[in-house]
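Me: Could you walk me slowly through one part of this protein, the sheet and whatever packs around it? Bring in the rest where it helps me get my bearings.

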Amino acid sequence: MRISDIQRCEIRPGRLVEWRFSPVTIAAAAALPPDPRPPAYIQESHIRTARSVREDGLFVPTWLGAAFDLPGEVDLDALEGALRGWTLRHETLRSGFRWAGDDMQRFTLAESDVSLHREVVGEFTDAGALTRYLQDRFDAAADALGWPNLIYTAVVREDSTSVYMAFDHTNVDAYSIHRLPEEINGLYAAALAGSPVTGPSVGSYVDFCEQERANADGIDDAHAIVARWREFIARCGGRLPEFPVDLGLEPGGVLPTQKLVCEPLVDAAAAAAFEAYCRPYGGSLVGILAATSLIVHELGGQPVYRTVVPFHTRLKSAWSDSVGWYVGGAPIEVPAARDLETALDTVRAELRANRTLARIPLARVLRLLGADFRPTSPDMYSIISYVDARLIPGAADWAEQKAYGLLRVSYGDQVCAWVNRLHEGLWFACRYPDTDIAYKNVRRYVERLRDLILSVPATDRPRPAELALS
């Protein structure tokens, strides 16, 4: 699935229809007692960050979304049934939070209390006007500090219908978004055929939150994981790592607006060659990180590249198909290397040593460290993410479906990049501060990354034992 913003996902005119939770459902939620299952640390951190930034006077939309087409003339009743069925399948979508003083309390609707309200917004003949409307609507309807914080829409035409869905990040991660086109298409086809929906039940992210938090609360500041984070942050100068190139930002300045670059990186043949070259070291994730370490040293001169690598936390099969925010982070440090193979060796060793650190939420670690990490930006640190999306159900249909994963690009002082391997090749997307210097350095990074991927030689000589990163 190509990562994009809503401006670049092939929006076409049509009749706009939207679904939100009905007033009856919202009233039922307001009367619910607290659900004793706590928020995940990552959820709590996200919401507290949103509140902190809002208190500083800035509204920073941070929703994620998906866009994809359904073929032919749509049956709105069948689509509504599919959307409701999907919502019931994933408990986090009918669960939210309210404040009790400075504490967050969860509430969760029963399936029987969930109904959708459908509204025909109207006909849009101009794609630009429709795009602006959808962005503004999603900003309001998928707000981290509000509830409900999700919205489903469809742009209806005679020959096809485009579905656009947006969620506050507390409900979804990238994998959840990637699964959306296949799941909704399957539920919609079953509704059209009048067939019952079959398949195994899906684990609840709300249950996962409770389990993960109990595990995290079982460690203290003397735990080895906390000690390793303490040492890493100290070597970062007491901060979490930033992208180590000049972004043209003034220290202590206001949170800048962001821009997005998204484009093909290399084609399928080049992606396969890069993977083959990197496989003995652990695969393309290791390769992307190793290449990044070389490039940022060229651009910024830093002797060590430090970053936090995102990893999924779907460690049990029960969570494999579950919608939620199953992401942790592991720190790595890569000294400047003389060549790609040396960097690959180092990244491989760092990931092998540190990946288990992702199993304890970073927000819990920071709380134990006792440092003042009051967030002033929606991104606590810069990331480079790599996902091989080809095996995700429905991936082979994404191009035909015009399927996109949507990012909201608004404000932020970090560089966050995503490299997805698709059937067509590698796709690159990156949010970065909107300054001339950041634009030039991000462009240099993208071009050098492309060059390095294309430069790897074919080889059949023995290589190091492969590192499993799945």
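Reply: Helix H5 (residues 174–193) lies across four strands, E1, E3, E8 and strand E13 (404–407), and runs at about 35° to E3. Keep in mind that this is a predicted model.

The sheet under that helix is an open one of seven strands. Going across, the order is E1-E13-E3-E8-E7-E2-E6, and the pairing is mixed. At the edges you'll find strand E1 (2–4) and strand E6 (116–124). Each of those has a single partner strand, so one side of each has no neighbour in the sheet. On average, neighbouring strands here are turned by 20° against each other, direction ignored.

Now zoom in on E8. On one side, strand E3 (residues 64–71) is joined to strand E8 (residues 160–167) by eight bridges, and the two run antiparallel. To find the register by eye, look for Leu64, which stands opposite Phe167 in E8. Phe68, in turn, sits opposite Val163 in E8. On the other side, strand E7 (residues 150–156) pairs with E8 over seven bridges, also in the antiparallel sense. E7 and E8 make a hairpin, with three residues between them. Here the bridge partner of Ala154 is Val163. Put the two sides together and Val163 has Phe68 opposite in one direction and Ala154 as bridge partner in the other.

So how enclosed is E8? Eight of its eight residues are buried, so the strand is largely enclosed by the rest of the structure. Ser160, Ser162, Tyr164 and Ala166 point one way, while Thr161, Val163, Met165 and Phe167 point the other way, and all are buried.

Two of those side chains, Met165 and Phe167, turn up again in the largest nonpolar core. That core has 69 residues, and the ones with the most contacts inside it are Trp19, Leu79, Trp86, Tyr152, Met165, Phe167 and Trp229. Helix H3 (residues 76–89) gives the largest share of the core, seven residues. Leu79 is a handy place to click if you want to see how the pieces meet. Setting aside its neighbours within four places in sequence, Leu79 is in contact with Trp19, Leu70, Val74, Ala154, Val163, Ile184 and Tyr188. Val163 and Ala154, the bridge partners from the hairpin, are both among those contacts.

There's a second, separate core too, with 50 residues, including Ala270, Leu289, Ala358 and Tyr445. To get your bearings in that part of the chain, look for another open sheet, this one of four strands in the order E9-E15-E14-E12, with mixed pairing. Its edge strands, each pairing on one side only, are strand E9 (258–267) and strand E12 (383–388). The twist there averages 15° from one strand to the next. In the middle of that order, strand E14 (residues 416–422) and strand E15 (residues 425–433) run antiparallel and are joined by seven bridges. Cys416 has Arg431 in E15 as its bridge partner.

Two helices pack on this four-stranded sheet. Helix H9 (residues 284–300) lies across E12 and E14, at about 155° to E12. Helix H13 (residues 436–455) lies across E9, E12 and E15, at about 15° to E9.

One last stop, back toward the start of the chain, is an acidic residue worth clicking on. Asp35 sits in the loop between helix H1 (23–30) and helix H2 (41–55). Is Asp35 buried or exposed? Its relative accessibility is 13%, so it counts as buried, the cut-off being under 20%. Its side chain makes a polar contact with the side chain of Arg37 (2.7 Å), and there's another with the side chain of Thr108 (2.7 Å). Leaving out neighbours within four places in sequence, the contacts of Asp35 are Arg106, Phe107, Thr108 and Val206.

How values were computed
Residues numbered from 1 in each chain as written. Predicted model: local features only at pLDDT ≥ 70, side-chain atom pairs only at ≥ 80, totals over all residues. Heavy atoms only, no water. Core = buried A, V, L, I, M, F, W, Y, C linked by side-chain atoms within 4.5 Å. Buried < 20%, exposed > 50% of the residue type's maximum accessible area, 1.4 Å probe, protein only. Contact = heavy atoms within 4.5 Å. Pairing = 2+ DSSP bridges. Axes fitted to C-alpha atoms, helices over the stretch in contact; angles between N-to-C directions. Polar contact = N/O pair within 3.5 Å; in protein donor to acceptor, adjacent residues only side chain to side chain.
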